[in-house]
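Work through the exercises below with the structure in view. Try each task before reading its solution.

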Amino acid sequence: MKTLAKLYVCPTPIGNLEDITLRTIRTLEEVDYIAAEDTRHTIKLLNHLNIKKPLISLHEHNEAFKSKELIELITSGHDIALVSDAGMPGISDPGEKLIKQCIESEVEVVTLPGPSAFITALVNSGLDTSRFTFVGFLDRNNKTRKETIEALKARQETLIFYEAPHRIEKTISELFEILGDRKIVIARELTKKYEQYIRTSLKSLSEDFSMLEHRGEMVIILEGAIEEVEPEINKEAVEKRIKELLLQDLSTKEVAKQIAIEYKIKKNDAYALALGIK
Ligand code: SAM
């Protein structure tokens, strides 16, 4: 059975306090409770808006069990607004679990449109906006982080990362090391006094971090792979297989065709390899 009360997902400013919609303000005024990532942070915004509401803390460490409590409040007729510290809840911020649980419990969720750092940065980056992947924060574990970057190597769409200021240099170095040179835009301190877009290349930036001397919050927008990267093949294994196939009395053309299928390489390349061995 659908509930009458709802969960309202409310985006809040990512810097400039004017970036809040009239609808978000009205919703915050009308709900019964506000679930907030950091109540001390949200209280400042509410004071600025002259709104007094009971706050409930919902952060990454209590979201799983706190969500149940919130759903009980909604099903007993209370409207709840969900806010994070900045931007869109659920985007590298708490919210996803609560929203999932609401949907599973048939509690209606209304997400209001509003600010998010990555979409603002992408639009103003000047890079391709037609297709993109939002990666968010890379894992802190070295191995996992490198594997994630490695898996992005051949992706041709624009890539978007969030990063903390104290890890930005390490991340830039790793991106360059694994992905090679390509265009990069660092969107810094969006909507704030010192908003800045650094448009450069991964190579130049990793050779000169002085461009990043002014820190603050940053979004990394990276150009996608320019050409499709050929998957690396194990030459020894391919040669061994060519010899096996040649022993089966297949023609060079037939061998090339089979090798192209098995190793996902171009038929011409397979043909050249087979010819070299014959
Ligand atoms: N929920 C937020 C959103 O919708 O954008 C993201 C929250 S996440 C915890 C914080 C990260 O978002 C920062 O480390 C930074 O990468 C990015 N970010 C948030 N505000 C920003 C701003 N004003 N300028 C640049 N990046 C920002």
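The exercises that follow use a predicted model and go from the whole chain to the ligand.

**Exercise 1.** Find the domains into which the protein is divided.

Solution.
- Step 1: Start with domain 1, residues 7-111.
- Step 2: Go on to domain 2 at 117-222 and domain 3 at 235-277.
- Step 3: Take the C-alpha centres of domain 2 and domain 3; they are 41 Å apart.

**Exercise 2.** Locate the ligand and say which domains and strands help to surround the ligand.

Solution.
- Step 1: Look for the largest pocket; the ligand takes up that space.
- Step 2: Assign the shell to domains. Domain 1 and domain 2 each give at least three residues.
- Step 3: Check the strands. β7 (158-163) supplies at least two shell residues, and so does β10 (218-222).

**Exercise 3.** Describe the residues around the ligand.

Solution.
- Step 1: Count the shell: 19 residues surround the ligand.
- Step 2: Pick out those that come nearest. They are Asp93, Ser116, Ala117, Tyr162 and Met218.
- Step 3: Sort the shell by kind. This gives 11 nonpolar, 3 polar and 5 charged residues.

**Exercise 4.** Check three pairs of atoms for polar contacts, using a cut-off of 3.5 Å, then state how much of the ligand is buried.

Solution.
- Step 1: Take Tyr162. An N or O atom of its side chain is 2.6 Å from a ligand oxygen.
- Step 2: Turn to Met88. Here a backbone N or O atom lies 2.9 Å from an oxygen of the ligand.
- Step 3: Move to Glu217. A side-chain N or O atom is 3.3 Å from a ligand nitrogen.
- Step 4: Finish with the area. The ligand alone exposes 570 Å², and the protein buries 91% of that.

How values were computed: Residues are numbered from 1 along each chain as its sequence is written. This is a predicted model: local features need pLDDT of at least 70, side-chain atom pairs count only at pLDDT 80 or more; totals for chains, interfaces and linings use all residues. Side-chain values use heavy atoms; hydrogens and water are left out. A residue is near a molecule or strand if one of its heavy atoms lies within 4 Å of it. A polar contact is a pair of N or O atoms within 3.5 Å; within protein, one must be able to donate a hydrogen and the other to accept it, and residues adjacent in sequence count only if both atoms are side-chain atoms. Accessible areas come from the Shrake-Rupley method with a 1.4 Å probe; for residues, only the protein chains shown count as cover. On a 1 Å grid over the protein atoms alone, a cavity is a set of points where a 1.4 Å probe fits but cannot get out, and a pocket is an open set with protein on both sides within 12 Å along at least five of seven lines; lining residues have an atom within 4 Å of a point. A molecule sits in a cavity or pocket if more than half of its atoms lie within 2 Å of its grid points. Helices (H or I, at least four residues) and strands (E, at least two) are DSSP runs, numbered from the N terminus. Ala, Val, Leu, Ile, Met, Phe, Trp, Tyr, Cys and Pro count as nonpolar, Asp, Glu, Lys and Arg as charged, and the others, Gly among them, as polar. Domain bounds come from an automatic or database domain assignment.
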